[in-house]
Amino acid sequence: EIKPSLIVEVGTWFGGSSREIVNACISNGLTDFEVVCVDTFLGSFEHWNRTSYLMTLKNGRPIVYDQFLSNVLHANQHEYITPFPIDSINAFEYLKWGGFEPDMIYIDAGHDHDSVKVDLENWSGLLRPGGILVGDDFHHPPIIQAVQEVFGGTAVKDGGKYVWRKPNE
C-alpha cells in the first residue's frame, strides 16, 4: 500500500527480517527500494549474558556481521540491503541530519523498556507522514509498556508485532 522506497530496519542480527522485507517488496512488484540495516552487529546485553550459538566469537568479537553478510549474499539480495553498522541513536541522528524520511521502519533492537522507548520516540519522528512503523516481540512486557507509553492506543497488535502509521500532516 505505501510502496516504500526507503526502509530502515533497526536491529538486524543475522538479517532474517530484512531478507523477508526484501522478498515482500519484490513479490509486490517493487524494484526500486533500499533496506538500510542498522545494527552494531555486536549483540546487546541479552546476548552477552547467554552462552549459546547466538554469540559465537572469533578473535574476541561476535561473528554476527560476518553471518549477516553471508546470509544477504546467499539470498542474492545485496542490491537491496545496505548494512549500517552503528547503534540506533547515532543512526537516527545521521539520518535526521541527512534529511532522510523512511517510508517504513522495522524495530527489533534492544528489548529493555528504556532502549525500546528511545527507539520508538526517535524513529517515529523520522518516519515520513503516512509511513509505517512495525515492531517485533510484542509479547515482551517491557516492549508492550514502551509502545503504550509512546503510541497510546494508536498502535495495532498484529500477531507478535505492533504496527503504527504516522498521521499525514
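Q: I'm looking at Tyr106. What stands opposite Tyr106 in S7?
A: Start from the strand next door and look across. Tyr106 faces Val134, which sits in S7. Keep in mind that this is a predicted model.

Q: How many bridges join S6 to S7, and do the two run parallel or antiparallel?
A: For any pair of strands, check the bridges and then the direction. Here S6 (residues 104-107) and S7 are joined by 4 bridges, and they run parallel. One pair to click on is Met104 and its bridge partner in S7, Ile132. To get from S6 to S7, the chain passes through helix H5 (residues 113-126), and this β-α-β crossover is right-handed.

Q: Are the residues on the two faces of S6 buried or exposed?
A: Take one face at a time. Met104 and Tyr106 are on one side of S6, Ile105 and Ile107 are on the other, and all of them are buried, so both faces are covered.

Q: And which way do the residues of S7 point?
A: Sort them by side again. From S7 (residues 132-135), Ile132 and Val134 point one way, while Leu133 and Gly135 point the other way. All of these are buried too.

Q: Which strand is joined to S7 in an antiparallel way?
A: That's S9 (residues 161-165), with 4 bridges between S7 and S9. Try Leu133 as your landmark: its bridge partner in S9 is Trp164.

Q: Which strand runs parallel to S6 besides the one we've met?
A: Look at S1 (residues 6-10), which is joined to S6 by 4 bridges and runs parallel to S6. Val10 has Ile107 as its bridge partner in S6.

Q: What order do the strands take in the whole sheet?
A: Read the sheet from one edge to the other, rather than along the chain. The order is S5-S2-S1-S6-S7-S9-S8, making an open sheet of 7 strands with mixed pairing. At the edges you'll find S5 (81-84) and S8 (156-158), each pairing on one side only. From one strand to the next, the twist averages 20 degrees.

Q: Let's zoom in on a residue. Why does Ile107 count as buried?
A: The test is the relative accessible area, and buried means under 20%. Ile107 has a value of 4%, so Ile107 is buried. You'll find Ile107 in strand S6. Leaving out residues up to four places away in sequence, Ile107 touches a list of residues including Val10, Asp119, Leu120, Trp123 and Tyr162. Some of its contacts are in the stretch we've just looked at, among them Leu133, Val134 and Gly135.

Q: How far apart in space are Ile107 and Leu57?
A: Sequence and space are separate readings, and you can take both. Ile107 and Leu57 are 50 residues apart in sequence, and 25 Å apart in space from C-alpha to C-alpha.

Q: What about Val163 and Leu133: what separates their C-alpha atoms?
A: A distance of 5.8 Å, although the two are 30 residues apart along the chain. Val163 lies in strand S9. Not counting residues up to four places away in sequence, Val163 touches Ile132, Leu133, Val134, Thr154, Ala155, Val156 and Asp158.

Q: Why does Val163 count as partly exposed?
A: Use the accessibility again: its relative value is 25%, so Val163 gets the label partly exposed.

Q: Now the helices. At what angle do the axes of H5 and H6 cross?
A: For two helices, look at distance, angle and handedness. The axes of H5 and H6 (residues 141-151) come within 8 Å and cross at roughly 35 degrees. The crossing is right-handed. On the H5 side, the residues that meet H6 are His113, Val116, Lys117, Leu120, Glu121 and Ser124. Their counterparts in H6 include Pro142, Ile143, Ala146, Val147 and Phe151. By kind, the residues of this contact divide into 8 nonpolar, 3 polar and 3 charged.

Q: Is Asn122 buried or exposed?
A: Asn122 is buried, with a relative accessible area of 18%. Asn122 lies in helix H5. Setting aside neighbours within four places in sequence, Asn122 is in contact with Ile89 and Phe92.

Q: Which residues does Ser88 touch?
A: Ser88 touches Val10, Val38, Asp119 and Trp123, again without residues up to four places away in sequence. Ser88 lies in helix H4 (residues 88-97). Its relative accessible area is 17%, so Ser88 counts as buried.

Notes
Residues are numbered from 1 along each chain as its sequence is written. This is a predicted model: local features need pLDDT of at least 70, side-chain atom pairs count only at pLDDT 80 or more; totals for chains, interfaces and linings use all residues. Side-chain values use heavy atoms; hydrogens and water are left out. Buried means under 20% relative accessible area, exposed over 50%, partly exposed in between (1.4 Å probe, protein chains only). Two strands pair if DSSP finds at least two bridges between them. A crossover is right-handed if, with the strands pointing away from the viewer, the path from the first strand over the helix to the second runs clockwise. Axes are lines fitted to C-alpha atoms, for helices over the stretch in contact, and angles run from 0 to 180 degrees between N-to-C directions. Contact means heavy atoms within 4.5 Å. A crossing is left-handed if the near helix is turned anticlockwise from the far one by less than a right angle, and right-handed if clockwise. Ala, Val, Leu, Ile, Met, Phe, Trp, Tyr, Cys and Pro count as nonpolar, Asp, Glu, Lys and Arg as charged, and the others, Gly among them, as polar.
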